[in-house]
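User: I'm new to reading protein structures and would like to learn how to look at strands, sheets and chain contacts. Could you take me through them one at a time?

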Amino acid sequence: MKKLGLLFGLTILLLTFASAQTSTVCCEQTTSGALCQNVPASECAPGAQQVPTACSSTSFCQPGVCFDSTEGICMSNTPQLVCNDNGGIWSATDVPQCELGCCILGNQAAFVSLVRCKKLSAQLGIETNYNSNIDSELSCLEVVQAQDRGACVYDFEFETNCKFTTRADCDTLQVPGAEGGVVTSFTKDVLCSAEELGTVCGPSSKTTCVDGRDEVYFVDTCGNPANVYDASRRDDQSYWTNVIQPSNACGANSGNGNAGSANCGNCDYLKGSICRGEDVAGATPTYGDFVCADLNCGVTSDGSSRLHGESWCVYNDAGGQSEGQNTVGSRFYRHICANGEEIVEQCGDMREEVCLEGEINGFSQAACRVNRWQDCTQQYEQDDCENTDQRDCYWLEGELLNLPEDLEPEFGRTGSCIPTVPPGLNFWSGEETSAVCSLGDAQCVVQFEAGLLDGEKECVENCHCLEQQWEDERAAICASLGDCGPGQNFVGVEGTDGGFKKIIERL
Amino acid sequence: MRGKKGQVTLFIFIALLIVGALVVYQFFPEFLPAQLQTDVRPTKYLQECISPHVEEITAAVYTQGGYIDPTHSLTYRDTEIQYLCYTDANFEPCLVMQPLLRQHVENELEDYLTPIAQTCVRDLEAEYESRGFTVQSSLGDMEAEYVPGTLELNFDSTMTITGEGTQQFDRFGVSIPSEMYNLLLTATNIIQFESVYGDSETLAYMQFYPDLKVEKIKRDEDTVYILTNVLTDESFTFATRSLVWPAGYGANEL
C-alpha cells in the first residue's frame with residue numbers, strides 16, 4: 001500500500017527522484033561515451049574525471065553558452081569541457097557576441113549575430129551591412145523590402161553596362177564582376193533591358209530562379225533577372241522595360257500557383273509552387289529551363305489531397321483514439337506534406353505524446369504534444385478533472401477507483417478521473433504496471449436474503465454487480481488507466497488471458 | 001597556280017604529320033621524348049586518386065552523425081549514429097555534445113584523407129620518375145572546408161618536376177559540389193532547439209527552406225534526424241536524446 005502511495009503522489013515521486021540523484025556523480029565521460037552526465041559512479045568510464053555532485057555545480061561540466069567564432073553561432077546548454085575541447089569559446093552566461101541584429105545581404109536579410117553577418121557577407125562577396133538597433137526579425141525583413149531596386153547603369157571597359165540591384169549596392173557599386181566600373185545612374189523600378197537606358201543588355205529567352213523569390217524570371221542578355229517568365233510576352237519590349245510585380249503578372253490568380261505551367265512562371269509558394277529546374281519539376285517550359293514545380297501532395301495515404309506545409313494527425317492502429325480505447329503498442333502519428341511528398345512523423349512512443357490538429361481556412365496544422373495524464377487519478381472534482389488547461393482527463397460519474405488509503409480524500413468521492421488517452425506501460429518489467437492497474441480493482445458486496453418459506457435467495461443490495469454491464473464497465477475503467485485489463489494490441493490481436501479475474505467469495 | 005598547288009601539298013603534309021603524331025601519342029607514348037610524355041597532370045592525377053576516397057568517407061560520415069567512428073551512438077538500420085545532443089536524465093533537455101559540427105566534420109575528413117593524399121603524391125612521384133623525370137616533393141596536410149555549394153579540399157604539398165624544363169606545384173585543390181554546408185548548419189540549429197526546448201519543429205524548417213526535407217524518427221527514448229537536400233539528394237543523419245518521458249510514471253527506472 002505504501003508503494004502505491006509513492007507511485008501516485010507526483011510530489012513524492014519527484015522527491016524520490018531527487019534523492020536517487022544524490023547517489024550519482026558528475027562524470028566527464030560515461031562507459032557508453034556520453035560526456036558530462038549525472039550517472040551512478042559505476043557508469044563512469046575508467047580514468048574519467050568524476051565529482052560527487054551535479055554537473056551544473058562543477059567547473060568542467062557546467063552547462064553554458066558555446067560561441068563558434070568562425071560561424072558566429074551560439075549554442076546554449078553546452079558543457080564547458082565539450083565546448084573547449086571542440087575549439088569553441090565557453091561562457092557561463094550570454095555573451096555580447098550572441099546578441100542578434102539585422103544583417104542586410106543585398107536584397108535579403110538575416111536576423112543574426114554580427115560575426116555571423118560578417119561570415120554571410122563574405123560568402124556573398126558583399127560588404128557587411130549590420131544594424132544592431134533592429135531588435136526583431138520582422139523589422140529586419142521590412143528594412144529589406146523597403147529598399148529601392150532598379151537598373152544600375154555603369155561604364156565598364158568602354159561599354160555601357162547594367163546590373164539590376166538595390167540603390168545601396170549601386171551607390172557603392174557592390175556588383176560582383178563589375179568592380180572598377182563607373183556608375184552613371186540608378187533608375188528605380190526599371191529593368192536593365194529597357195531601351196531608354198541604352199545599355200548593352202537586351203531581352204532573351206533564358207529564365208532563372210532568384211534567391212529568396214518564388215517565381216521563374218526572364219534573364220536579360222547581361223544575366224540580370226527581368227520580369228516574371230511569361231512566354232506570351234517574350235517579344236514584347238514593354239515587358240522588358242519596367243518592373244512588373246508578380247501580383248500584376250501572368251496567372252496571378254491561379255489556384256495552384258501555376259504549377260507545371262509551360263508558359264507562366266508566376267509561382268506562389270503559399271499556394272504550393274516554386275521555381276525549380278525542369279528536370280526536378282518534371283514539366284517542360286516553352287522557353288528556358290525553369291518551371292513552377294508542384295509542391296502539393298496530390299493523393300495522400302488517406303486518399304485526400306493536401307497542400308505543401310499542411311500537417312495532420314493519423315491514428316490508424318486498432319482500437320479507438322480516446323477514453324480507454326487505445327490499444328497496447330498504439331501511438332499517434334503526424335503526417336506532413338512537403339515538396340510533394342508525404343512524410344510520417346511518430347509522436348512519442350507509449351502514448352507519451354498525443355497528436356493535436358487544427359484548421360484555418362481549410363489549411364490543417366498538427367503537432368505532437370505531451371500527454372498530460374499523470375495526475376488524472378488524483379483529481380476528485382469533475383471541474384478539476386476536466387480542466388483542459390492542466391490535464392488530459394475525463395470524468396466518470398458514479399464509478400470509483402480503488403485508491404490507496406493515503407490518497408483517499410476526506411470529503412469522499414462521487415466519481416473518478418481517468419486519462420483520456422491511457423498511457424502505455426512497461427508491463428513486461430518492473431512492478432509499476434501491476435500497481436497502476438490495481439487502481440481498477442473493484443470489490444462489490446452483493447447481499448442476498450433467503451425466503452422464510454421456500455429458502456429461495458433473493459438479491460437485495462448491489463444487484464447490478466451481478467450483471468454483465470457492471471463487469472464491462474469495470475473492465476473499461478481498467479483499460480483506461482493504461483495497458484491494463486482486457487484488450488488487444490495495435491494490430492488488433494486479442495490478449496490471451498482475458499485481462500482480469502473475477503473472484504466470487506462468500507462472506 | 002603551281003604555287004597554290006604546292007601550298008595545298010604542304011598543308012596536307014603538315015596535317016598528316018599532326019595526325020601521325022597524335023596517333024603515336026595516343027597508342028605508343030613510349031616512342032615519344034620525355035617532355036611530350038607528360039600526359040600525367042599532377043592536379044588531375046591527385047583529384048582522380050583522392051575522389052573515390054572522398055565519396056567513400058563522406059558517405060560514412062554523413063550517415064553517422066558526422067563521425068567516422070561514432071563515440072556515443074545508437075544503432076538505427078544497422079548504422080551507428082552519433083548523439084549530437086544527449087542527456088541521460090528524464091524530463092530534461094539534452095546537453096550539446098558537438099557545438100562546432102561543421103568544423104568537426106571537416107576535421108574528420110582531414111584526418112582520414114591526409115594519409116591517402118600523401119600516398120597519392122608518392123604514387124604520382126613514382127609515376128613521373130618511371131617516365132624519366134626527377135621529382136622533389138614534400139608532404140603536407142589536407143585541409144577540408146565546407147562553403148555554401150562546395151566542399152573544398154586543399155592539400156598543402158610542394159612538388160618540383162624536372163625534365164627538360166622545371167615545373168613547381170605548391171598546393172593541390174579539389175572542389176566537390178556539395179550542399180552539406182547548409183545541412184550541417186540546419187543540424188546545428190536543430191540541436192540548439194533540442195538543447196533548449198527538448199524538441200524541434202521540423203515543418204518550420206521545411207517551409208522556410210524549400211529544398212530541405214527533414215525526417216524525425218522517434219524511437220523509444222531517442223530521436224533520429226535525417227536532413228536531405230531534395231535537389232541533390234545529399235543527406236545528413238544524427239541522433240539526439242532529449243526531454244524523455246519514460247513509460248508510465250517512470251517508477252521502473254528509479
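Analyst: Gladly! Let's begin with a pair of strands in this predicted model. Strand β10 (residues 149-156) of chain A and β12(A) run antiparallel and are joined by six bridges. To see one bridge, find Gly150(A): its partner in β12(A) is Lys188(A).

User: In what order do the strands of that sheet lie, and which are the edge strands?

Analyst: Strand order in a sheet is read from who pairs with whom. Here three strands make an open sheet in the order β11-β10-β12 (chain A), with antiparallel pairing. The edge strands, β11 (159-166) and β12 (182-188) of chain A, each pair on one side only. Ignoring direction, neighbouring strands of this sheet are turned against each other by 25° on average.

User: And where do the side chains point?

Analyst: In a regular strand, they alternate between the two faces of the sheet. Keep that in mind for another sheet of chain A, an open one of three strands in the order β18-β19-β20, again paired antiparallel. Its edge strands are β18 (311-314) and β20 (341-346) of chain A. The twist from one strand to the next averages 30°. β18(A) pairs with strand β19 (residues 333-338) of chain A over four bridges, and Trp312(A) stands opposite His335(A) in β19(A).

User: How many residues lie between the strands in the hairpin of β21(A) and β22(A)?

Analyst: A hairpin is read by following the chain out of one strand and into its partner. In this hairpin, two residues lie between the strands, and Asn361(A) takes a positive phi near 50°. Strands β21 (residues 353-360) and β22 (residues 363-370) of chain A pair antiparallel over eight bridges; Glu359(A), for instance, stands opposite Ser364(A) in β22(A).

User: Now the two chains. How many residues does each bring to the contact?

Analyst: A contact is read from both sides. Chain B contributes 52 residues and chain A contributes 70 residues. About 5,000 Å² is buried between chain B and chain A, and carbon and sulfur atoms give 55% of that area.

User: Which charged partners should I look for, and how many salt bridges are there between chain B and chain A?

Analyst: The count is five salt bridges. One of them joins Arg102(B) to Glu71(A), with the closest N and O atoms 2.4 Å apart. On the side of chain B that touches chain A, the elements that each supply at least two residues include α3 (101-130) and α4 (180-197) of chain B. By class, that side has 27 nonpolar, 13 polar and 12 charged residues.

Notes
Residues numbered from 1 in each chain as written. Chains lettered and ligands numbered in written order. Predicted model: local features only at pLDDT ≥ 70, side-chain atom pairs only at ≥ 80, totals over all residues. Heavy atoms only, no water. Pairing = 2+ DSSP bridges. Axes fitted to C-alpha atoms, helices over the stretch in contact; angles between N-to-C directions. Contact = heavy atoms within 4.5 Å. Buried area = accessible area lost by both parts, 1.4 Å probe. Salt bridge = Lys/Arg side-chain N within 4 Å of Asp/Glu carboxyl O. Nonpolar A, V, L, I, M, F, W, Y, C, P; charged D, E, K, R; others polar.
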